[in-house]
Amino acid sequence: MAGKIKNYFAGGNTARGFFSLYESNLQGLSRVYILKGGPGTGKSTLMKTIGNNWLKKGFNIEFLHCSSDNDSIDGVIIPALKVGIVDGTAPHIIEPAAPGAIEEYVNLGEAWDSEKLSLQASEIIFLNSQIKEAFQSAYRTFNSALSIHDDWEKIYIENMDFKKADELTATLKKSFFANMSLNKKADIRHRFLGAATPKGAVDFVPNLTEDIPKRYFIKGRAGSGKSTLLKELATKAEARGFDVEIYHCGFDPHSLDMVIVRELGIAIFDSTAPHEYFPSRDGDEIVDMYEKVIMPGTDEIYAERIAEIAKLYRAKMNEATGYLAQAKELHDHLEAIYLEAMDFQVADGIRERIDQKIQQLAK
């Protein structure tokens, strides 16, 4: 019987630049293979192949998806074996905790023809500079969108009943935890609910919550206290000794979009655009922040201003996504250069060596 796949992002293109949460998800692993090599050297294919092989053997797998390429992954983890393989090239630089003892570098550059690449050196340098510029433009534009979003939030913050918000938080804490606690230190994992990608916003909410009996869909507006509520619940779960998966916002990593406490069978998440979902099975419940904590009529009173802000925000988000798509197109050209210089028989040999080492660890 095949295992199960858990999909998520551990790095994101955000309003605060590229933001990495890799360290949180690699903690506790006994062996981490850090892949080095240029674009087109087969890093994603290597990780997917090994991950799917162990999946067929019945092991659960975690795929860490790439926010800059919708078809690629940046890492694979086999939790039961405490083994991970990650792309260790920029921008997701992995700082080893115990080089050689835990982390092992794998150089896929062994499989390329350096002489062929040297003939394209000027083109490689040019493309790399253009890619960097496209990403910087995306980050600046996302940051501009965040400033606009702050104006949007301000409207609802100024019309929030904070006493009611505190009462709602207290009610949910009591409902979730009652008097329960576990006599252990909580395992906390920080991830992204979704990511801004060259194809727009992408998330894995259905996959991450498919085995969760009780799901809470938080509805509301920008600034209606969704992230604050999630932070309070995550803190309470940790204090009670429950393992917590904390999912950050792919646009603003300082905000939270979802908290999962699997030991309690609970997931609660921001279910508004661009990750909007609705109850679809028994155990699903809506928590409407607008209805519960915002002054009635706020939408109507500020309708014109809200519409103006929303238009500006969407325009900036679309512009930023365009820069990510531009970076992806340039990256594809760079990949093509490296693909021409690769000996994939050598690359396959490297993959087989890693897989054999994992098999030894499994024994």
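Leu46, Thr49, Ile50, Asn53 and Trp54 of helix H2 touch a set of residues in helix H11, namely Ile350, Arg351, Ile354, Asp355, Ile358, Gln359 and Ala362. Sorted by class, this contact between H2 and H11 brings together seven nonpolar, three polar and two charged residues. Please keep in mind as you explore that this is a predicted model.

How do the two helices sit against each other? Two packed helices are described by the angle between their axes and the distance between the axes. Here the axes of H2 and H11, the latter spanning residues 344-362, come within 10 Å and cross at roughly 35°. The crossing of H2 and H11 is right-handed.

**From the helix pair to a pocket**

Helix H2 (43-56) turns up again in the second largest pocket, where H2, strand E6 (73-78), helix H4 (121-157) and helix H10 (303-340) each contribute at least two lining residues. The volume of this pocket is about 920 Å³. If you would like to find its centre on screen, look for Pro39, Thr89, Ala90, Pro91 and His331, which are the closest to it of the 36 lining residues.

**A cavity as well**

What is the volume of the largest cavity? It comes to about 40 Å³, and the structure holds one cavity of 30 Å³ or more. Its lining is made by Phe176, Phe177, Leu233, Val259, Val261, Ile266 and Ile268. Helix H5 (162-177), strand E14 (256-261) and strand E15 (266-270) are the elements that give two or more residues to this lining.

Here are the two linings by residue class:

| Lining | Nonpolar | Polar | Charged |
|---|---|---|---|
| Second largest pocket | 13 residues | 16 residues | seven residues |
| Largest cavity | seven residues | no residues | no residues |

**Aromatic pairs**

How many aromatic pairs does a search of the whole structure find? The search turns up 13 of them. A pair of aromatic rings is described by the distance of the centres and the angle of the planes. For Trp152 and Tyr313, the ring centres are 5.7 Å apart and the planes stand at 75°, so this pair counts as edge-to-face. Trp152 belongs to helix H4 and Tyr313 to helix H10, so the pair ties together parts that are 161 residues apart in sequence. You have already met both helices: H4 and H10 are among the elements that each supply at least two residues to the lining of the second largest pocket.

Technical notes: Residues are numbered from 1 along each chain as its sequence is written. This is a predicted model: local features need pLDDT of at least 70, side-chain atom pairs count only at pLDDT 80 or more; totals for chains, interfaces and linings use all residues. Side-chain values use heavy atoms; hydrogens and water are left out. On a 1 Å grid over the protein atoms alone, a cavity is a set of points where a 1.4 Å probe fits but cannot get out, and a pocket is an open set with protein on both sides within 12 Å along at least five of seven lines; lining residues have an atom within 4 Å of a point. Grid points are joined across faces, edges and corners, and a volume is the space filled by probe spheres set on the points. Helices (H or I, at least four residues) and strands (E, at least two) are DSSP runs, numbered from the N terminus. Ala, Val, Leu, Ile, Met, Phe, Trp, Tyr, Cys and Pro count as nonpolar, Asp, Glu, Lys and Arg as charged, and the others, Gly among them, as polar. Axes are lines fitted to C-alpha atoms, for helices over the stretch in contact, and angles run from 0 to 180 degrees between N-to-C directions. A crossing is left-handed if the near helix is turned anticlockwise from the far one by less than a right angle, and right-handed if clockwise. Contact means heavy atoms within 4.5 Å. Rings of Phe, Tyr and Trp (its six-membered ring) pair if their centres lie within 6.5 Å; planes under 30 degrees apart count as stacked, over 60 as edge-to-face and the rest as tilted.
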